[in-house]
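I opened this notebook to record what I looked up in one structure. The entries follow the order in which I consulted it.

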Amino acid sequence: MNSELFDRNGLNKKDTMKRGEILNSVEGLEQERLREFSEKISKFIEKARLLKKENLQLRKRVGELEEIINRQTEEIENLKQERVLFRHEIEQIMRELEDLDL
(Lines give C-alpha, C1' and ligand atoms only; values in the text may rest on other atoms or scores of the structure.)
Protein backbone atom coordinates (compact mmCIF):
# COMPACT_ATOMS: atom_id res chain seq x y z
CA MET A 1 0.00 0.00 0.00
CA ASN A 2 2.81 2.39 0.76
CA SER A 3 4.36 1.68 -2.62
CA GLU A 4 1.21 2.87 -4.35
CA LEU A 5 1.32 6.28 -2.70
CA PHE A 6 4.91 7.03 -3.66
CA ASP A 7 6.67 6.88 -7.01
CA ARG A 8 10.30 5.86 -7.54
CA ASN A 9 11.64 9.22 -6.39
CA GLY A 10 9.76 8.94 -3.13
CA LEU A 11 7.28 11.61 -4.11
CA ASN A 12 3.67 11.40 -3.21
CA LYS A 13 1.51 10.70 -6.28
CA LYS A 14 -0.69 13.65 -5.33
CA ASP A 15 2.41 15.89 -5.42
CA THR A 16 3.33 14.46 -8.81
CA MET A 17 -0.16 15.21 -10.10
CA LYS A 18 0.03 18.76 -8.74
CA ARG A 19 3.40 19.25 -10.41
CA GLY A 20 1.95 17.99 -13.68
CA GLU A 21 -0.94 20.40 -13.36
CA ILE A 22 1.49 23.22 -12.59
CA LEU A 23 3.62 22.31 -15.61
CA ASN A 24 0.52 22.22 -17.79
CA SER A 25 -0.54 25.57 -16.35
CA VAL A 26 2.91 27.09 -16.99
CA GLU A 27 2.96 25.68 -20.51
CA GLY A 28 -0.52 27.08 -21.04
CA LEU A 29 0.63 30.52 -19.87
CA GLU A 30 3.68 30.36 -22.13
CA GLN A 31 1.53 29.39 -25.10
CA GLU A 32 -0.88 32.22 -24.29
CA ARG A 33 2.00 34.69 -24.10
CA LEU A 34 3.41 33.38 -27.37
CA ARG A 35 -0.01 33.71 -29.00
CA GLU A 36 -0.39 37.28 -27.70
CA PHE A 37 3.12 38.12 -28.87
CA SER A 38 2.37 36.63 -32.27
CA GLU A 39 -0.80 38.72 -32.51
CA LYS A 40 1.14 41.86 -31.59
CA ILE A 41 3.72 41.10 -34.27
CA SER A 42 0.97 40.52 -36.84
CA LYS A 43 -0.67 43.84 -35.93
CA PHE A 44 2.70 45.60 -36.10
CA ILE A 45 3.41 44.12 -39.55
CA GLU A 46 -0.02 45.17 -40.82
CA LYS A 47 0.44 48.68 -39.45
CA ALA A 48 3.90 48.86 -41.06
CA ARG A 49 2.38 47.84 -44.41
CA LEU A 50 -0.31 50.49 -44.10
CA LEU A 51 2.25 53.14 -43.17
CA LYS A 52 4.45 52.14 -46.10
CA LYS A 53 1.48 52.40 -48.46
CA GLU A 54 0.53 55.78 -47.00
CA ASN A 55 4.15 56.93 -47.28
CA LEU A 56 4.23 56.01 -50.98
CA GLN A 57 0.96 57.86 -51.58
CA LEU A 58 2.25 60.94 -49.75
CA ARG A 59 5.53 60.89 -51.67
CA LYS A 60 3.59 60.68 -54.93
CA ARG A 61 1.40 63.61 -53.85
CA VAL A 62 4.47 65.64 -52.84
CA GLY A 63 5.94 64.98 -56.29
CA GLU A 64 2.72 66.16 -57.93
CA LEU A 65 2.66 69.31 -55.80
CA GLU A 66 6.32 70.03 -56.56
CA GLU A 67 5.53 69.72 -60.26
CA ILE A 68 2.63 72.18 -59.89
CA ILE A 69 4.86 74.60 -57.99
CA ASN A 70 7.55 74.36 -60.67
CA ARG A 71 5.02 75.09 -63.42
CA GLN A 72 3.61 78.04 -61.49
CA THR A 73 7.11 79.37 -60.81
CA GLU A 74 7.87 79.11 -64.51
CA GLU A 75 4.61 80.90 -65.33
CA ILE A 76 5.44 83.68 -62.86
CA GLU A 77 8.85 84.15 -64.46
CA ASN A 78 7.24 84.32 -67.90
CA LEU A 79 4.76 86.92 -66.67
CA LYS A 80 7.58 88.99 -65.18
CA GLN A 81 9.40 88.92 -68.52
CA GLU A 82 6.22 89.96 -70.34
CA ARG A 83 5.74 92.80 -67.87
CA VAL A 84 9.26 94.05 -68.55
CA LEU A 85 8.62 93.84 -72.31
CA PHE A 86 5.33 95.71 -71.98
CA ARG A 87 6.98 98.35 -69.84
CA HIS A 88 9.67 98.87 -72.49
CA GLU A 89 7.04 98.99 -75.24
CA ILE A 90 4.98 101.52 -73.30
CA GLU A 91 8.07 103.62 -72.61
CA GLN A 92 8.96 103.55 -76.29
CA ILE A 93 5.42 104.50 -77.28
CA MET A 94 5.49 107.35 -74.75
CA ARG A 95 8.76 108.65 -76.22
CA GLU A 96 7.32 108.46 -79.71
CA LEU A 97 4.28 110.39 -78.55
CA GLU A 98 6.48 113.03 -76.98
CA ASP A 99 8.47 113.30 -80.18
CA LEU A 100 5.24 113.77 -82.15
CA ASP A 101 4.12 116.60 -79.86
CA LEU A 102 7.15 118.64 -80.73
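Entry 1, terms. I take a residue as buried under 20% relative accessible area, as exposed over 50%, and as partly exposed in between. I also note at the outset that the model is predicted.

Entry 2, arginine 35. I applied these classes to arginine 35, which has a relative accessible area of 39% and is therefore partly exposed. I then looked up its partner and found a salt bridge with glutamate 32, in which the closest N and O atoms are 2.3 Å apart. Glutamate 32 is partly exposed as well, because its relative accessibility is 31%. Both residues belong to helix α2, where three residues, about one turn of the helix, separate them.

Entry 3, overall content. I asked how many helices and strands the protein has. I recorded two helices and zero strands. Helix α2 covers residues 13–101, and the protein has 102 residues. I next looked up the share of buried residues, and it is 0%. The exposed area of the protein is about 10400 Å², and 56% of that area is supplied by carbon and sulfur atoms.

Entry 4, further salt bridges. I found five salt bridges in the structure. One of them joins the side chains of arginine 61 and glutamate 64, with 3.4 Å from N to O. Here too the two residues lie three apart in helix α2, about one turn of the helix. Arginine 61 has 42% relative accessibility, so I class arginine 61 as partly exposed. Glutamate 64, with a relative accessible area of 34%, is likewise partly exposed.

I then turned to glutamate 77, which forms a salt bridge with lysine 80; their closest N and O atoms are 3.9 Å apart. My cut-off for a salt bridge is within 4 Å, so I count this pair. Glutamate 77 and lysine 80 are both in helix α2, three residues apart, about one turn of the helix. I class glutamate 77 as partly exposed because its relative accessibility is 39%. Lysine 80 is also partly exposed, at 42% relative accessibility. Which residues are joined into one network by salt bridges that share partners? I noted Glu32, Arg35 and Glu39. As a general remark, side chains of opposite charge can pair when their charged atoms come close.

Entry 5, surface patches. I looked for charge on the surface and found a negative patch in which Glu96, Glu98, Asp99 and Asp101 gather. I chose aspartate 99 for a closer look; this residue lies in helix α2. Is aspartate 99 buried or exposed? Its relative accessible area is 53%, so aspartate 99 is exposed.

I also recorded a nonpolar patch on the surface, formed by Phe86, Ile90, Ile93, Met94, Leu97 and Leu100. Together these residues have about 640 Å² of accessible area. Isoleucine 93, one of them, has its place in helix α2. I class isoleucine 93 as partly exposed because its relative accessibility is 47%.

Technical notes: Residues numbered from 1 in each chain as written. Predicted model: local features only at pLDDT ≥ 70, side-chain atom pairs only at ≥ 80, totals over all residues. Heavy atoms only, no water. Patch = residues over 30% accessible without salt bridge, like charges linked within 9 Å, V, L, I, M, F, W, Y side chains within 5 Å. Areas by Shrake-Rupley, 256 points an atom, 1.4 Å probe, with all protein chains shown as cover. Lys, Arg positive; Asp, Glu negative; His and termini not counted. Charge placed at Lys NZ, Arg CZ, Asp CG, Glu CD. Helix = DSSP H or I, 4+ residues; strand = E, 2+ residues; numbered from the N terminus. Buried < 20%, exposed > 50% of the residue type's maximum accessible area, 1.4 Å probe, protein only.
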